[in-house]
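Trainee: Could you take me through one part of this model closely, namely the open sheet and what packs around it? I would like the cut-offs spelled out as we go.

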Amino acid sequence: MLSLGSNIKNGETMIPKNRPILIAGNSNKPLANAINEISNKVMEQNFNLIDARVERFNDSEVFVEVYDNVRDEDMYIVQSTSNPANDHLMELLIMIDALRRSSSRRITAVIPYFGYARQDRRTKARTPITAKLVANLLTEAGVDRILTMDLHAAQIQGFFDIPVDNLYASPVFALDIKANFPDLKNVTVVSPDVGGVARARELVERIDTELAIVDKRRLAPGEIAEMTVIGDVAGRDCILIDDIVDTAGTLCKAADLLTAEGAKSVTAYISHGVLSGPALERISASSLHSLVITDSISQHKALAGCDKIRVVTTAPLFAHAIMNTANGSSVSSLFKTRNMESLYVDTYPSVDNS
């Protein structure tokens, strides 16, 4: 069990009131630990990361046991519903139920990567809207609010009848770009498809540079017939921006196209690194200079074998969002790059904070 520095009474850990209490599922324990560490070192309000047993029986049924007394506590479950999505989603639902039955005062599901978000509408007859189903499951399990980042579709917030705070990785990406691209006048932000233009334009406004678009025409899902660049990228440092990289097929083709159009370099900034199937091999063989992803999904050891991929942490972002939520403060203040600078000063000390 983790040492909490708390009082012990009748064999149970007695947690001090009026502070956020973290509990982690199995999907992203490194991020949960980082959030807790940052709160203890940087912020005025310390968190507690309590210990729990989240395991599977021989028939793969999930079992959860919370070791500490959480009655009347403000609980935050850190759990991405990433691969294996069904297992991690079921873990989250059962953890919510365990906390609800333990009389927790409020339960917030901190879901850095919200799985099933790409199934947000019916694309053809007799297909589900699974993102709505997941929203219903979480609500019925007893969660009080959701804290997530870069939902694939903003309208998913409306699938819930409880508060949903959707954070953005773009303020963190903007700091990273400023630290790694000294000459922003030569940078062009590129959307890999027309649907991502709003996300790309938001980043353009943060770093004050140019915008281009890769327009693609599909023959069928997963089959791209033609790609065209809209905008001038010759001699420019191009930055591809998107929310999810899965098999990396479209991303690598877009990078190769931009290189063929005369781009000086191509770097991708993607919020969620799903990186399934042949993704790592494709990225290694592509013309991408580098791929920057967040730690919303815990990466497997194979990632170390791809020197083109770099991970930036979202722990300060989530730690601050949890603190603001616990204190009843605004979360929208975290949408501004300027407000992120003090949280990331150790990571990007060379960025001009004036």
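Mentor: Happy to; here is the sheet, then its surroundings. This is a predicted model, in which local features need pLDDT of at least 70 and side-chain atom pairs count only at pLDDT 80 or more, while totals for chains, interfaces and linings use all residues. Residues are numbered from 1 along each chain as its sequence is written, and side-chain values use heavy atoms, with hydrogens and water left out.

The open sheet has six strands, in the order β4-β3-β7-β8-β9-β10, with parallel pairing. Helices (H or I, at least four residues) and strands (E, at least two) are DSSP runs numbered from the N terminus, and two strands pair if DSSP finds at least two bridges between them. At the edges stand β4 (48-49) and β10 (164-167); each has a single partner strand, so one side of each is left without a neighbour in the sheet. The partner of β4 is β3 (residues 20-24), joined to β4 over two bridges in the parallel sense. Here Ile21 stands opposite Asn48 of β4.

Helix α1 (residues 29-41) packs on this sheet and touches β3, β4 and β7 (74-78); contact means heavy atoms within 4.5 Å. The direction of α1 makes about 160° with that of β3, where axes are lines fitted to C-alpha atoms, for helices over the stretch in contact, and angles run from 0 to 180 degrees between N-to-C directions.

Now for the nonpolar cores. Each is a set of buried Ala, Val, Leu, Ile, Met, Phe, Trp, Tyr and Cys residues joined through side-chain atoms within 4.5 Å; buried means under 20% relative accessible area, exposed over 50%, and partly exposed in between (1.4 Å probe, protein chains only). The largest core has 46 residues, and Ile35 and Leu167 have the most contacts inside it. Helix α8 (residues 315-327) gives this core its largest share, seven residues. Not counting residues up to four places away in sequence, Leu167 touches, among others, Leu147, Met149, Leu317, Phe318 and Phe335. Another core lies apart from it, with 37 residues, including Val62, Val64, Ile77 and Met95.

Finally, look at the loops. Pro84, in the loop between β7 and α2 (85-101), is joined to Asn83 by a cis peptide bond with omega of about -5°. Ser103, in the loop between α2 and β8 (106-111), has a positive phi of about 70° although it is not a glycine. Ser103 is partly exposed, with a relative accessible area of 30%.
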